[in-house]
Amino acid sequence: MGNRPTGHRCNRSNVASHLSFRNRAFRDGISQLKKGDWMSAHEKFSTCLEINRLRHVVRFLHGYTFFKLGCYVDAIRDYSSYVLDNHDDWKGFYMRGINFLAIKEYSHAIVDFSSALIRHPFNVAVLWQRALASLSIKNYADAIDDFKLCLEIMDQNDDVYEYGREMGWPDVLDLDLPDRSCVLQYLADSAYESSRFSEALQLYSQLLTIRLEASNCYKAAECYLNQQKFESAINCLTMAVGFEINSPRSQREKNENLATFYECRAKCMMKLSKFSHAASDADRAFRSGRFDLQSSVISKDTIFCL
């Protein structure tokens, strides 16, 4: 049969050399990812793409390094290419949505997260991000639905991080999964902001068993106040004052928050005709220096009549 042309042998050798170089660059890129050296990883994956632009996993990781470097528009470009060739993979839509979220393109982010959920329903990571995107545009109803679904799924899975790995997420990459108390906090705040006070009150009651924070006590008090349950509101505000006094915040922040709590409690005292208590709390609020008698919910004339 004779010898093959030398040129052909050279071409095969070049191909083998390129493949070896590409594979080495890919392994080096993965190694840098594990170390958190995003720039070095990015350079390695860029090398891989120059050699073989059809390598989809490299495209995905290349976009991820752009994301970690804060180059969100470049990352979106990479993930747009990725989803064209991997239309059934939820991860590409998820990561493009994350980058849209980073540049505050909330509507685009919601579309991508919804596309990811079509391909992988009941995905906590995606539901969480879509809820945050909805919250950013004050779409409280959709945010509340997603937060609730997150909690339902998390209650059925003891280890949410292990659950995330079972979704096919690469081990070398971070996956933003919240803990249960964080989701509950966002859900309660969303219900509060959308004036769903009865629902918010139930949620804050749950939160106060795991997160003893002054802000949660205050918001629970506001919910009680909306329902005209003034004694319950006063109890929550008294708790808020105690937590705030012992908080690690700066004195200026404490004074501002305490003034709000005292003023709200004074308002409740007024509703119950406890004028001397109202006067004491109003005085505490005024002493903080943040309120003046003219702008307070308790008017100057009212105070002088006590």
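In the predicted model, Ser273 follows directly after helix α14 and adopts a positive phi of about 60 degrees. This residue, which is not a glycine, is placed in the loop between α14 and α15. With a relative accessibility of 47%, Ser273 is classed as partly exposed, because exposed residues have to be over 50%. Most residues other than glycine have a negative phi. A second non-glycine residue with a positive phi is Lys104, for which the angle is about 65 degrees. Lys104 is located in the loop between α5 (90-102) and α6 (106-119), and its relative accessible area of 60% makes this residue exposed.

Helix α14 itself covers residues 251-271, and the C-alpha atoms at its ends lie 30 Å apart, in agreement with the 30 Å that its 21 residues should span at 1.5 Å a residue. The buried residues of α14 include Lys254, Glu263 and Arg265, together with Leu258, Phe261, Tyr262 and Met269. A run of consecutive positions, Leu258, Ala259, Thr260, Phe261, Tyr262, Glu263, Cys264, Arg265 and Ala266, also belongs to this buried set. The packing partners of the buried residues of α14 are α12 (214-226), α13 (230-245) and α15 (275-287), and the loop that holds Ser273 connects α14 with the last-named of these helices, α15.

At the level of the whole protein chain, 16 helices and 0 strands are assigned. Of the 306 residues in the chain, 45% are buried. Among contacts between residues at least 6 apart in sequence, 52% join residues at least 24 apart. The accessible surface of the chain amounts to about 16400 Å², and carbon and sulfur atoms account for 49% of that surface.

Aromatic side chains were examined across the whole structure, and the search finds 13 aromatic pairs. In one of them, the ring centres of Phe147 and Tyr186 are 5.8 Å apart and the ring planes meet at 40 degrees, so the pair is tilted. Since Phe147 lies in helix α8 (residues 140-155) and Tyr186 in helix α10 (residues 180-193), the pair ties together parts that are 39 residues apart in sequence. The two partners can also be described by their accessibility: Phe147 is buried, at 0% relative accessibility, whereas Tyr186 is partly exposed, with a relative accessible area of 33%. Elsewhere in the aromatic set, Trp38, Tyr64, Phe67 and Tyr72 form one cluster.

Key:
Residues numbered from 1 in each chain as written. Predicted model: local features only at pLDDT ≥ 70, side-chain atom pairs only at ≥ 80, totals over all residues. Heavy atoms only, no water. Helix = DSSP H or I, 4+ residues; strand = E, 2+ residues; numbered from the N terminus. Expected span 1.5 Å × (residues − 1). Buried < 20%, exposed > 50% of the residue type's maximum accessible area, 1.4 Å probe, protein only. Contact = heavy atoms within 4.5 Å. Areas by Shrake-Rupley, 256 points an atom, 1.4 Å probe, with all protein chains shown as cover. Phe/Tyr/Trp six-rings, centres within 6.5 Å; stacked < 30°, edge-to-face > 60°.
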